[in-house]
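Reader: I am new to this structure and would like to understand how its labels are earned. Could you take me through the reasoning with care?

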Amino acid sequence: ERVDRELEAILTCPLTIVAAPMGYGKTTAVRQFIEKRGAQALWMSFPTPDESGVFFWSQFSEQLGKLDPTVGERLGSLGLPRDAAETGGILSALNALHCEEHAILVIDDFHLAKNPAIGEILSQVAKEEIENLHIVIVTCDTTNLDLGEMVSKGTCQLFTERSLRFTEPEIRRYCSLNRRRLAGKDLTQLAEYTGGCISLVYLILLGMDRGIPVRMNATVYELVE
């Protein structure tokens, strides 16, 4: 619920980056937020590393084409921009996009986008602040994103594991929902060992079901593997 409230900011900013290591529930948090808000969701994900940017642009054009087929077709014909002139043509096409209600384009597993040009064009799109279009990047790595410029100019907001990690009271509630009673030293240790990473909390609880005490050890790492 806390994370969901924080994600409300998605609807006020052209670009949101949710960046955290694997296991923090990034994709789940974004998906549940969209479902609860009833916003139109456009979803794309990288199945493998994309060096050329061809896969990204194909998916990007296809998803935006669901909002406006004409714009989607034009974007597809233009391709990923290689210079300022081509970037201008793409921004011109996108400014013709009309969204009557909030539409959220989620780009999942962005760390697999290896072409720097992808981050650059998304930064340019964010600067255009297209009405009712919100882009959410879900990633484990922000290497190909110029966060400093985007955040300083107010076109981007960043969520990290600090927002996504579960607090001790939240871990207690999670245990309760899973019909597990955990309190006192065990609860504190669980929070400390996992750093609030919900996937690791889940794995340690599985370990407890197998008789493994709440502590980090080789057995827990085996569960992670």
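Author: Let us begin with a term: a residue is called buried when its relative accessible area is under 20%, and exposed when that area is over 50%, with partly exposed in between. Please keep in mind that this is a predicted model.

Reader: Why is C156 called buried?

Author: C156 has a relative accessible area of 5%, and the label requires a value under 20%, so C156 counts as buried.

Reader: What makes C140 partly exposed?

Author: The relative accessibility of C140 is 31%; because partly exposed covers what lies between the limits of 20% and 50%, that is the label C140 receives.

Reader: How do you know that C156 is not bonded to C13 through sulfur?

Author: A disulfide needs two cysteine sulfur atoms within 2.5 Å, whereas the sulfur of C156 lies 6.2 Å from that of C13, its closest cysteine sulfur, and is therefore too far for a bond. By this rule the count of disulfides is 0; C140, for its part, has its nearest cysteine sulfur, that of C197, 11 Å away.

Reader: Why is Q157 called buried, and what does its side chain reach?

Author: Q157, which lies in strand β5, has a relative accessible area of 18%, and because the limit is under 20%, Q157 is buried. Its side chain reaches the backbone oxygen of A9 at 2.6 Å, and, leaving aside residues up to four places away in sequence, Q157 touches several residues, including A9, I10 and C13.

Terms used. Residues are numbered from 1 along each chain as its sequence is written. This is a predicted model: local features need pLDDT of at least 70, side-chain atom pairs count only at pLDDT 80 or more; totals for chains, interfaces and linings use all residues. Side-chain values use heavy atoms; hydrogens and water are left out. Helices (H or I, at least four residues) and strands (E, at least two) are DSSP runs, numbered from the N terminus. Buried means under 20% relative accessible area, exposed over 50%, partly exposed in between (1.4 Å probe, protein chains only). A polar contact is a pair of N or O atoms within 3.5 Å; within protein, one must be able to donate a hydrogen and the other to accept it, and residues adjacent in sequence count only if both atoms are side-chain atoms. Contact means heavy atoms within 4.5 Å.
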